[in-house]
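Trainee: I would like to go through the aromatic contacts in this model. Please show it first.

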Amino acid sequence: ICSHMKTGLTVSKILGQKSFDQFMKMTFYGQFVAGEDHNDIKPLIQKNHSFGVGSVLDYSVEEDISQEEAERKEMEYENSITLLNKRKYQVHKQFSDRRGGVTGARTYFYADEAKCDQHMETFIKCIKASGGSSMDGFSAIKMTALGRPQFLLQLSEVLVKWRRFFTFLASQQGKDGLEALEQRLELTQLQEFMTKLGANGDFYGWFTGRKEDSTGCIDMLDWNSLIDDRTKISDLLVVPNVELGKLEPLLGKFTVEEEQQMKRMLQRVDVLAKHALESGVRLMVDAEQTYFQPAISRLTLEMQRTYNREKPVIFNTYQCYLKEAYDNVTMDVELSRREGWHFAAKLVRGAYMYQERERAKEIGYEDPINPDYESTNRMYHRCLDYVLDEIALNRKANVMVASHNEDTVKHTLTRMNELGLIPTENKVYFGQLLGMCDQISFPLGQAGFPVYKYVPYGPVNEVMPYLSRRAQENRGFMKGAQKERELLWKELKRRLASGELLYKPVY
């Protein structure tokens, strides 16, 4: 089956589509997918809920397109965008099929604006299904489904270039080597340095005028605020061009059509956030590749500023296999403190490691991934501990520990106990994929901890790409499967000995 999983065509021809669908529902589809539509999935959601396990709904239908078609779609608009960086933040043909080397995430390719509207409508149905299935559900979305990914490339480059310019300026003032939030720029020195470079803007006056209690220094978050007010201060948004030896505008020019497409992308995101708020559903924005992620995180942060004022509605995803994960988490937590909204995060290890490493090596930029699995574990626990400490100090922070790693779950439970974080506060959540690691999810649910299954659904023939990835991914989970079999056998013997064949949940 796995050898034909990408399309299912060969097997379906042999068995007939109806027989093939039934066969899949009894086997692989039945293990990893909840059902075909929002009505079909209700029994499973209700059953899991009776054991204290909630749901993160994810409509997992994907286009099953060829590699050639994926490359054509990705490269089609490449020449219409002028990127400042010709390496990382550019479409490259050999990596234009973004599915390569990825087993844990679905991929969207841009067709046209109408297709993006269709994706938005699909997400809305998923949000409504989540709201109609339970009182405390989540729904997952991907930003690349809602607009041209090339816009995310361009915005990511702008954000990263601006951040790196701050780091460069900090190094000029002897502040390099510090954590991101510990770096401070002395404004008088900054103004003198920028004037020498040829800048005309009044940096000192702009920053001191914004803050009544100005100390004469700014940090990364203050620096980023320049981009928030970019319409009024274009003369301040300049960066040095090393090749030309002069300052140039940070933001490139958009055509009228590109401006309209960017606005429509932001409007779609806003529509989804409003539907989530109205339906009582939390919206989880999935992480994607590093060359998109700065823009995705920025757009998610803008939603959080608006919709997380009263309660956590929008959750951002942080990939802890990234070297910069801790800086990203700490800066966003600090921003939420200053502005008074609810920080909400999902922590994952990451789904694009092989693709990211190969792309960095081939194109020639620094590998963004931690060097090994142990360093990723340390990064995950470091980010997690920081957020847990913030929850203990300020009950506005929230985190989902999305992990199949038993040591990480045990670590979280230990830290919650040390910090006095009670499960019923619903500040710390746990998440696992449907069909995997039930020995973690269900005991947590029965013990009263907020735990959720990532619940994919969709028609059999349209979720085949998702199932293909699950088949590939599970080749690496044989040790876990062996442990699950041992636990199941142990439980079966316990029930036979006690006469309690049918287990009744205590939730």
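Trainee: Is Phe-168 buried, exposed or partly exposed?

Mentor: This is a predicted model, where local features need pLDDT of at least 70, side-chain atom pairs count only at pLDDT 80 or more, and totals for chains, interfaces and linings use all residues. Side-chain values use heavy atoms, without hydrogens and water, and residues are numbered from 1 along each chain as its sequence is written. Buried means under 20% relative accessible area, exposed over 50% and partly exposed in between (1.4 Å probe, protein chains only). Phe-168 has 36% relative accessibility, so the residue counts as partly exposed.

Trainee: Which residues form one aromatic cluster with Phe-168?

Mentor: Rings of Phe, Tyr and Trp (its six-membered ring) pair if their centres lie within 6.5 Å; planes under 30 degrees apart count as stacked, over 60 as edge-to-face and the rest as tilted. A search of the whole structure finds 18 aromatic pairs. One of them is the tilted pair of Phe-168 and Phe-193, at 6.1 Å centre to centre and 55 degrees between the planes. The cluster joins Phe-168 with Trp-162, Phe-165, Phe-166, Phe-193 and Trp-223.

Trainee: Which category does the pair of Tyr-326 and Tyr-386 fall into?

Mentor: The ring centres of Tyr-326 and Tyr-386 are 5.7 Å apart. Their planes stand at 80 degrees, so the pair is edge-to-face.

Trainee: How far from the ring centre of Tyr-326 is Arg-382?

Mentor: A charge sits over a ring if NZ of Lys or CZ of Arg is within 6 Å of the ring centre and within 35 degrees of the ring normal. Arg-382 lies over the face of Tyr-326, and the distance to the ring centre is 3.6 Å.
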